[in-house]
Amino acid sequence: MSELKQTFNSSLGKKLIMALTGLFLSVFLIVHLGGNLLLFSNDNGYSFNMYANFLTHFPPIEVIAYILYLSIIVHAIYALILTINNRKARPVSYAVGTQSPVSFSSKNMGLLGSILLLFIVIHMGDFWYQYKFTHNVGYKEYRTNVLTGERTVTAFTPEKSDFEHSMTYDGNTEITRVKDLHARVASSFSLLWYVVIYVIAMVALSFHLLHGFQSAFHTIGWVHRKYKPIYEFIGTWLFAVIIPLGFAAMPVVYYFQSLNK
């Protein structure tokens, strides 16, 4: 046990923890983007609201969510520790065993990470906290004809303050009542300053992942020439291009839609 503790307290051990938590967070981004793309469904927020309700009421997902929060905290703390230690000693790359020229991403990982951490706090406070712990997001009632698929939507006010969601049937009509996170998202994304912050954060995410994803594999020792082109391609095109663009598109599209209303 003492040897294991000593290993993880070493510089290499800290980098390993950074790599593993970073890879876990990278996988989460894929799932999160997939769910958030439901914002583009033209169904008055039905798909997205059902998705949000599922995330916050399915126990296994909630367990994974707390692991996610812990990973963010651990990743941030160890990043700070490594940055301080490196400045006290000498500049040491997050990746090990590389001799390539220092890129903008690698030189500014601390700044990029700080921007992302600040964004996460703002983002979770505006959406996750408001949705899970308050009743400031409003509610919607969806009536769906199960035979024809036709759906109508109206706002409603629950009788009980602790109301979360319900699903009942009236003949062939499915009546679903849920918290309206979609309206909260649309409202936030109608604010130019919020959209600007969001896009800046996604630019920071792009550069952060461009260096961080590949460096994680270097840290865990996957530097074989057979695998390196694969994770470099994934790190560049999926994590540094597609995912940030996908996230950034949401506030931009919603903002321009709000201008036309």
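Lys228 and Glu232 both belong to helix H9 (residues 228-259), where four residues, about one turn of the helix, separate them. In this predicted model, the two side chains form a salt bridge, with the closest N and O atoms 3.9 Å apart. Lys228 counts as partly exposed because its relative accessibility of 31% falls between the limits of 20% and 50%. Glu232 is likewise partly exposed, with a relative accessible area of 27%. A further set of salt bridges, linked through shared partners, joins Glu141, Arg143 and Arg177 into one network.

In total, the structure holds seven salt bridges. One of them is formed by Lys140 and Asp180, whose closest N and O atoms are 3.4 Å apart. This pair links distant parts of the chain, since Lys140 lies in strand S1 (residues 139-145) and Asp180 in the loop between S4 and helix H7 (181-188), 40 residues apart. Both Lys140 and Asp180 are buried. A salt bridge is also found between Lys179 and Glu164, with a separation of 3.8 Å between the closest N and O atoms. Lys179 is located in strand S4 and Glu164 in the loop between strand S2 (151-155) and S3, so the pair ties together parts that are 15 residues apart in sequence. The two partners differ in exposure: Lys179 is buried, with a relative accessible area of 1%, whereas Glu164 is partly exposed, with a value of 26%.

Strands S3 (residues 165-170) and S4 (residues 173-179) run antiparallel and are joined by six bridges. Within this pairing, Thr168 stands opposite Ile175 of S4. The two strands form a hairpin with two residues between them, and Gly171 in the turn adopts a positive phi of about 65 degrees.

On the surface, Leu118, Ile122, Leu191, Trp193 and Ile197 make a nonpolar patch of about 450 Å². Helix H6 (109-133) and helix H8 (192-219) are the elements that give two or more residues to this patch. Trp193, a residue of helix H8, has a relative accessible area of 52% and therefore counts as exposed, the limit being over 50%.

With regard to overall architecture, the protein chain comprises nine helices and four strands. From the N terminus on, the order of elements is α-α-α-α-α-α-β-β-β-β-α-α-α. The C-alpha atoms fill a box of roughly 70 × 45 × 35 Å along the principal axes. Of the 261 residues, 38% count as buried. The chain exposes about 15,400 Å², of which carbon and sulfur atoms supply 66%. Among contacts between residues at least 6 apart in sequence, 74% join residues at least 24 apart.

The confidence of the prediction varies along the chain. The average pLDDT is 88, and 91% of the residues score at least 70. Among the elements, S1 has the highest mean pLDDT (95) and helix H1 (residues 2-9) the lowest (58). Over residues 92-99 the pLDDT is below 50; in the model, this stretch has 20 contacts beyond near neighbours in sequence.

Note on methods. Residues are numbered from 1 along each chain as its sequence is written. This is a predicted model: local features need pLDDT of at least 70, side-chain atom pairs count only at pLDDT 80 or more; totals for chains, interfaces and linings use all residues. Side-chain values use heavy atoms; hydrogens and water are left out. Patches are made of residues with over 30% relative accessible area and no salt bridge: like charges are joined within 9 Å, nonpolar side chains (Val, Leu, Ile, Met, Phe, Trp, Tyr) within 5 Å. Accessible areas come from the Shrake-Rupley method with a 1.4 Å probe; for residues, only the protein chains shown count as cover. A salt bridge is a side-chain nitrogen of Lys or Arg within 4 Å of a carboxyl oxygen of Asp or Glu. Buried means under 20% relative accessible area, exposed over 50%, partly exposed in between (1.4 Å probe, protein chains only). Two strands pair if DSSP finds at least two bridges between them. pLDDT is the predictor's confidence in each residue, from 0 to 100. Contact means heavy atoms within 4.5 Å.
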